[in-house]
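Me: Please show the model, and then let us go through one helix and the sheet beside it.

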Amino acid sequence: MKLAFIGIGNVGFAIANQLQQKGHQICIASNDENSETVQLALQKNSAFSIQSIQEAIATSDIVFLATPFQANETILKELQFKGKILVDCTNPVGPDISHGLNSEISGSEKVQEWAPDAKVVKAFTIYGFENLIDSSYSNYTVKPVMMIAGNDLQSKEVISKINTDMGFETLDTGKLDQALHLEHMTLLWVKMVRRDGHHPNFVWAYLEK
């Protein structure tokens, strides 16, 4: 599939690089091909292509949003998705690693509000980028879980296949409002690692009987 990435920093590049190695075609969606993050990504993986944001959306199968959350409204309100899947990889983070929307609504619901013609799926946010670079934990017989949320079942099935390519088992947590709780899981991980010094090489797993 052709996958477009709006935002190609640590998180965006980690996902894009893994999926390019799995045979997907990666397009950086940027209106500034000379930006530092775009040029760095191209230096790291010359197989990536680059298009303007709207052109990349129009010609791609799935769009990934991996920008700083505070930039999302400005970026998204200018774009047309026409029913494309938009994977929200962003998190609203406020002062002292708090929820940036005061836990009143999820960031993904705001993304859906700003991109009403997209099918938004929350994914790739419950860990730091380290576990998107390499999701393997060879000492265990279970795969790490990637929890997702979204209102469109078919879109979530597509992203489940992307998760498999990334080395994750998928757990569908339900409708898009569940993204609020996934964002709190992100804050848990970030506080443990970025604030309190826990190493980043740990993930969640889903065990069922």
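**A helix and its sheet**

Reply: In helix α8, the buried residues (under 20% relative accessible area with a 1.4 Å probe and protein chains only, where exposed is over 50% and partly exposed lies in between) are Ala 179, Leu 180, Leu 182, Glu 183, Thr 186, Leu 187, Trp 189 and Val 193. This is a predicted model, in which local features need pLDDT of at least 70, side-chain atom pairs count only at pLDDT 80 or more, and totals for chains, interfaces and linings use all residues. Residues are numbered from 1 along each chain as its sequence is written, and side-chain values use heavy atoms, with hydrogens and water left out.

Me: What is the order of the strands in the open sheet?

Reply: Helices (H or I, at least four residues) and strands (E, at least two) are DSSP runs numbered from the N terminus, and two strands pair if DSSP finds at least two bridges between them. The pairing in this eight-stranded sheet is mixed, and its order is β3-β2-β1-β4-β5-β8-β9-β10.

Me: Which residue in β8 is the bridge partner of Asp 88?

Reply: Strands β5 (residues 85-88) and β8 (residues 119-122) run parallel and are joined by four bridges. Within β8, the partner of Asp 88 is Lys 122.

Me: How far apart are the end C-alpha atoms of α8?

Reply: Helix α8 covers residues 179-195, and its expected span (1.5 Å times one less than its number of residues) is 24 Å for 17 residues. The model agrees with this, since the end C-alpha atoms of α8 are apart by 23 Å.
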